[in-house]
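Visitor: Could you take me through one part of this model up close? I'd like a connected account rather than a list.

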Amino acid sequence: MAETFASLSLVPKTDVPQSAKDFKTDQEVRWCPGCGDYAILAAVQGFMPELGVKRENIVFVSGIGCSSRFPYYMNTYGVHSIHGRAPAIASGLALSRPDLSVWVVTGDGDALSIGGNHLIHALRRNVNLKILLFNNRIYGLTKGQFSPTSEAGKITKSSPVGSVDYPFNPLSVALGAEATFVARTIDSDRQHLQSVLRAAAEHEGTALIEIYQNCDIFNDNAWEPMKNPETRDDITIRLNHGEKIIFGANNDRCVIRKADGSLGVANVANVSADQIVTHDAHATDPSFAFALTRLSHPETLQDTPIGVFRDVKRATYEAQMREQITVAQAAAGAGDLDALLQGKDTWEVR
Amino acid sequence: MSKEVVELDHVSIRFAGDSGDGMQLTGDQFTSTTAGLGNDLTTFPDFPAEIRAPAGTLPGVSAFQLNFGDHDILTPGDFADVLVAMNPAALKANLKELRKGGDLLVNTDEFGSRALTKVGYDSNPLEDGSLDGYNVHPIALTSMTVEALKEFDMTKKDAERAKNMFALGMLLWLFSRPLEPTIKFLDAKFGKKPTILAANKKALQAGWSFGETTESFSTQFVVKPASMPAGTYRNIHGNLATAYGLIAASKRSGLPLFLGSYPITPASDILHELSKHKGFGVRTFQAEDEIAAIGAALGASYAGMLGITTTSGPGVALKSETIGLAVALELPLIIIDVQRGGPSTGLPTKTEQADLLQAMFGRNGEAPVPIVAPQSPADCFNAAIEAARIAITYRTPVFLLSDGYVANGAEPWLIPTEDSLPVIEPKFATGPNHILEDGTEVFWPFKRDPETLARPWAIPGVAGLEHRIGGIEKQDGTGNISYDPANHDFMVRTRQAKVDGIAKTVAPLLVDDPSGAAKTLVIGWGSTYGPIQDACRNLRDEGIQVAHAQVRHLNPFPSNMGDVIKSYDKVIVPEMNLGQLNMLLRAKYLVDTIGFNQVRGLPFKTQELMDAIKEVASHG
């Protein structure tokens, strides 16, 4: 059994051994064959026993979209809510019950388009939520319109001559919204995905995990260069805290700090060792993590980092909320309703 | 000099000044002093949406009307008997609210030519004879306040700011009220600012002394206490009573209170109040928007809290989808709509009852939501508890339809004890509730209580009850996703039947008809109670028999509603909208009810209601 994860210190521990099977429901999974969601579901179900907490104290909350069917397949408590609102509903749940492990499952349309407002505010508040954002760069459940992460110019059903929408980078947005934990992983790399879930579970506060996920029906091979064994190692930057950022099939590429202070990618052979940046996920200033999110090329995916970009400590919203209640009750005792209703200014009628 | 003392059975006073003149505070203070003397009363704050519009302009005028008497007082008074006008703008905006022959107390210091021109007076109304129909008391309020405070080390401008206390002292003398409650109030408010405290007390005292000595007032008035049921009373505003009702419901149900809210006029005071009561374990969450506010409240309900959201009409529009989700999830949730003038931004600080149909129908699909409406400021307390009872017992979102008039108005309240309040049992699910054919015990989240049709409320943390719920249609019993046509038809009808069934636990509609001979029924809902009751009593005094019923449960209606309205020759339905209850009654009971409708952002005047009722009662 793993050590207690920091974010789960108030969640009751399980006293029975769990396996991935315990987290499967009797419901038939209804994603399209070949959907990346299957791999993510299996990875999450496989990871859950590691939490070491009672299954009944885990809740999955989702919005609307293909990914948001996720809770039906998790044998925990679950709410499949409405489009974009999962972070708001999950916030109310987490603020009410520190004894729960609360997970949000959302997609690029759900979290970034219709629910963009709730996502950024959940991030800045630092509510103890773990948000899994399945990014497939397309609207799937509505059958193939461009999403806020689709490439500019993308041809879809709603953009037959090319989308004129400019996409945003979910992790850049999150960092701008004062997120304390920001990570990226990919559906097909189970080991990496679970390592990021582990780091998120350790983090006290809101964790945003972007998961590159393939929609084989409406946007197949969106992340192909990062999955193809021929290309993936040369374009994917694996971030490890405290280690120099070096990547490539032959470890011949690296991230350097350029003269103007921005980050760039260079050949190891062309730079001196002290020019190579060491990854610091705990840096207080988010500009380093932000610079990492800007390295990748949105269309070719060249130089795309995965791993934990940022993981910093800040008091959670619910801890502060609980503290205010504790202080109020310590000062004046638990509320006395009769005293409240009487107030200070009464008169008697006889 | 001894002055004549005259006894009155009631008086309506209106304070009017610039938004920055402190008229609401002055009115509140006069009110609490008056309440403490045992008078019954009703208040009506009438202020603009702008925080401080330019001084001396008509849009910047803020007013406060108080009606108090020796009997039960139902309205702020159609017209004030006394108007205090702090400047020409206040006079111009409020003179129409003063009855002919009423007393007009005017601060003459502000009636310079620039101030007069600013509000479009061509000549000084104090001199041109246009106020001849009133009993005018010209008073140099500002300069006398400054004079009284000359011993203090303060600027003239700061001294002038105490003129509302001078006016208050004067009014307290005029109506034989003590200064002590205000002195106590000032001590608490300015305790840390000794100079300001002393100056305000001095101004208050100076106002009182002026009243006593000036020849402008030849008479002092007394209003004896009203006869009210024995007990301990306090004065209470509607929004405060709502907040207290919610805290009471939380205590009596054992469910911690969670409020998700976004600031909006005129509901924000409920958020402000609840955020003070962390001692009761109250959690308040000021969300990023109206949608998140109700979303968080619904998440809290799922967690086993008393989830509440507070808003006004524009906020309800944004919350609609989540209310629909709450209908589908069948979880308790209280939505408080403090109605204001609409559509859109409308009249943020003015009252209206035009959200009834929004509450009834403002969602996609068949999504019935129970509706409860308080009829007076103090009644907000009981109405909030009733909304909680329905929400918790029936696992449903419930609307509490307050409005700006009851929310900001105040009246004396016979304070209940905690023990006298109803207990609400949440009855959380604790174990399996169904046995499969093979004998396995399982938990079915949509297996209903046969009596209430409510589903079990299974909160996270209970082993064996793990389940998934969502907005997609669910199979009866299991709660699994179901697109089966017959099942959907069944579920839609069952959710409706559940809400309709609430009528079984609701008191029958009470008809007030002392003679038993009335052929005309006046039926209202919510905050129109006071004016309608006042109008009906006056008509009975004139020998016209009319019955009055005030609807508290608007969905479902009390079970005797049809019988009641069918038993009168004429049914008149006054509403501060274009006929929303009227439409529901006509549609449901096929009765030719007659609407009387105003949408002026103001409560009904008694006389206008009397005229309208008389017209209906006397025809045909």
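Guide: Sure, here is a walk around one helix of chain B, followed by a look at a second helix and at the contact between the chains. Keep in mind that this is a predicted model.

Let's start with α20(B), which covers residues 606–618 of chain B. Its 13 residues should span 18 Å at 1.5 Å a residue, and its end C-alpha atoms are indeed 18 Å apart, so the length agrees with expectation. Which of its residues are buried? They are B:Thr606, B:Leu609, B:Met610, B:Ala612 and B:Ile613. Those buried residues pack against two kinds of neighbour in chain B: the strands β20 (520–525), β21 (546–551), β23 (570–575) and β24 (594–597), plus the helix α17 (529–541).

That last neighbour is worth a stop, since α17 of chain B is where B:Pro531 sits. This proline counts as buried because 26 other C-beta atoms lie within 10 Å, against a cut-off of 20 or more. Leaving out residues up to four places away in sequence, B:Pro531 touches B:Thr75, B:Pro603, B:Phe604, B:Lys605, B:Thr606 and B:Leu609. Two of these names should ring a bell: B:Thr606 and B:Leu609 are among the buried residues of α20(B). For a sense of scale, B:Ser218 is 313 residues from B:Pro531 in sequence and 33 Å from it in space, C-alpha to C-alpha.

Now for another helix, α12(B), residues 313–329 of chain B. The 17 residues should span 24 Å, and the ends are 23 Å apart, C-alpha to C-alpha, which agrees. Even so, α12(B) bends by about 55 degrees at B:Lys319. B:Lys319 is also one of the buried residues of this helix, as are, for example, B:Gly313, B:Val316, B:Ile323 and B:Leu329. Just past the end of α12(B), B:Glu330 takes a positive phi of about 55 degrees.

Finally, the contact between the chains. It takes 52 residues from chain A and 58 residues from chain B. On the chain A side, α2(A) gives the largest share, with 8 residues. Other elements that give two or more residues there include β2, α4 and α10 of chain A. By type, the chain A side divides into 22 nonpolar, 20 polar and 10 charged residues. β2(A) also pairs with a strand across the chains: β2(A) and β19 of chain B (residues 468–470) run in the parallel sense over 3 bridges. Within that pairing, A:Val79 has B:Ile469 as its bridge partner.

Definitions and conventions
Residues numbered from 1 in each chain as written. Chains lettered and ligands numbered in written order. Predicted model: local features only at pLDDT ≥ 70, side-chain atom pairs only at ≥ 80, totals over all residues. Contact = placed C-beta atoms within 7 Å. Helix = DSSP H or I, 4+ residues; strand = E, 2+ residues; numbered from the N terminus. Nonpolar A, V, L, I, M, F, W, Y, C, P; charged D, E, K, R; others polar. Pairing = 2+ DSSP bridges. Expected span 1.5 Å × (residues − 1). Buried ≥ 20, exposed ≤ 12 C-beta atoms within 10 Å, placed from the backbone. Bend = angle between axes of the 7 residues up to and from the residue.
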